[in-house]
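The following exercises are to be worked with the sequence and the model at hand. Each task is followed by a solution in steps.

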Amino acid sequence: MATAAAKGRVLPLLAVAAALAAALLYRAPFSKSMGGEGCSLLPHDHFWIASERVVTLGRVGPAAVEVKAGLINAITVGDYRSFLLRRPVVDYGDAVIMPGLIDVHAHLDEPGRVEWEGFSTGTRAAAAGGITTLVDMPLNSHPSTVSEETLKLKVDAAKDKLYVDVGFWGGLVPENALNPSALESLLNAGVLGLKSFMCPSGINDFPMTNSTHIEEGLVTLAKYKRPLLIHAERIPDDQIEDGLDGELDPKAYMTYLKSRPPAWEEAAIRDLQRAMKDTEVGGRSEGAHIHIVHLSDSKTSLGLLKDAKQNGARVSIETCPHYLAFSAEEIPDGDTRFKCAPPIRDSTNRDNLWEALLDGHIDMLSSDHSPSAPDLKLMEEGNFLRAWGGISSLQFVLPVTWSYGKKYGISLNQLASWWSERPAMLSGLKKKGAILPGYHADIVVWKPEAQFHLDDSHAVYHKHRNISAYLGRQLSGKVLSTFVGGNLVFAEDKHAKAACGAPILAK
Ligand SMILES: NC(=O)NC(NC(N)=O)C(=O)[O-]
Ligand SMILES: [Zn+2]
Ligand SMILES: [Zn+2]
């Protein structure tokens, strides 16, 4: 093995697994979490992985990463080949070894709407895409995660179905927002933070909150130092009666775009001014943190958020690959795969989102993977106003970010910051989000240069490939291997036999 490593070859992983098992002097005790009972395609709990491009310590270069008992034990930077002689190593040659992605915005929809998405399919897609941790949204499952009891239903439903680690956001809804003890019991039960909507969510048991609900909820969140995630669109008062239905062609993307203008995002952010101020040092909810999910408007809304940050508010912003990859001009009429809220806007807006991301005003990325049963997308009818909103993308966010970001000159370190470090901070995951000693061995190995066409022959693990907006695209960046807690959960287009990811509950 060491000889092969010295030649710099990438060993076929399954062969490596067999070789490791045969060559090692001792056998690891098989435990469920550490390479046992089918949890890992590499049945050992102490090994090294190495390559010419390891993203660690703010740099990219040759290094070997020692993985032991699920954690990163040590990192040897520089020419690792002689060091690794006679050690069990998977040498990935010039492939990139990077922290696994942490997707803080995924709708896994179980229990209750498993025909939309589920823990097993969703986390298999995540593993295939290099995502090692998902944080599940509290809505689209049934019931919504808004109490200790409903969180327990989630955790029970996830049992033995997780191929990656999964945390949970709870819902801040009118029913619990003004009731600190209800919120405390939800937070004590382990949600990583709360999420609320400022416009109708489309889900009956997840009603929208107003700014009072938000301000009061933040006071409780401050005690726990956990964030409030906000879907920041609000129907401006003068537009409430403005139904567009019937007047304009509902199949035209422009009709949908006009029905949810940037003014909706702006109205929500303006409503949040006091709540944001409360998070400043000395404010009523100091210690809490407002996180704006899926920002689409790169103009006034972004400007207001930048100001709030500058004034000391604890605010962070995410946007999603679909706002960075697509533009309104290119969305075909009737193609409801592209319907999401807020909508994908024009190409100038898209370029400005990239600029804000590169400048650090937008802090991180998330998928907002939100599939539905295909019939709800009304693909044949193509009616944008009646179709269910949500982009289905989970498996492809890494190659999509890379493929579309290349022309903006993005770097591997930026990818790791947007997709791992910052999301780990938001979710309070202290030992995740970087390749560092003592951290979880949550790692993606991928080849940025490898191109693939996302056609019908490509394996897609999330439910309903036909509603994915990325189908038919040429992408660059192929995931070779994904490790979760030291388990090789995906390699060579195969998953480990058993689902050994862990539910993550905050303490
Ligand atoms: N109920 C939903 O899944 N909503 C989601 N739908 C989108 N983004 O179109 C969301 O995150 O707002
Ligand atoms: Zn949303
Ligand atoms: Zn969402």
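**Exercise 1.** Describe the surroundings of ligand 1 in this predicted model.

*Solution.* Begin with the shell: 15 residues surround ligand 1, and the closest are Asn140, His231, Ala341, Asp368 and Ser370. Next, sort the shell by class, which gives 5 nonpolar, 9 polar and 1 charged residues. Then examine histidine side chains. A polar side-chain atom of His231 lies 2.9 Å from an oxygen atom of ligand 1. For His107, the distance from a side-chain N or O atom to an oxygen atom of the ligand is 3.3 Å, and for His105 it is 3.4 Å. Finally, consider the cover: of the 320 Å² of accessible area that ligand 1 has on its own, the protein covers 97%.

**Exercise 2.** Determine whether Asn140 is buried or exposed, and state the sign of its phi.

*Solution.* Locate Asn140 in the loop between strand 7 (131-136) and helix 4 (148-158). Its relative accessibility is 3%; because buried means under 20%, Asn140 counts as buried. Its phi is near 100 degrees, a positive value in a residue other than glycine. Most residues other than glycine have a negative phi.

**Exercise 3.** Establish where the buried residues of helix 13 lie around its axis.

*Solution.* List the buried residues: Asn349, Arg350, Leu353, Trp354, Ala356 and Leu357. Viewed down the axis of helix 13, these buried residues fall within an arc of 165 degrees, so they line one face of the helix. An α-helix has 3.6 residues a turn, so residues three or four places apart point the same way.

Note on methods
Residues numbered from 1 in each chain as written. Chains lettered and ligands numbered in written order. Predicted model: local features only at pLDDT ≥ 70, side-chain atom pairs only at ≥ 80, totals over all residues. Heavy atoms only, no water. Near = heavy atom within 4 Å. Polar contact = N/O pair within 3.5 Å; in protein donor to acceptor, adjacent residues only side chain to side chain. Areas by Shrake-Rupley, 256 points an atom, 1.4 Å probe, with all protein chains shown as cover. Nonpolar A, V, L, I, M, F, W, Y, C, P; charged D, E, K, R; others polar. Buried < 20%, exposed > 50% of the residue type's maximum accessible area, 1.4 Å probe, protein only. Helix = DSSP H or I, 4+ residues; strand = E, 2+ residues; numbered from the N terminus. Arc of directions from axis to C-beta.
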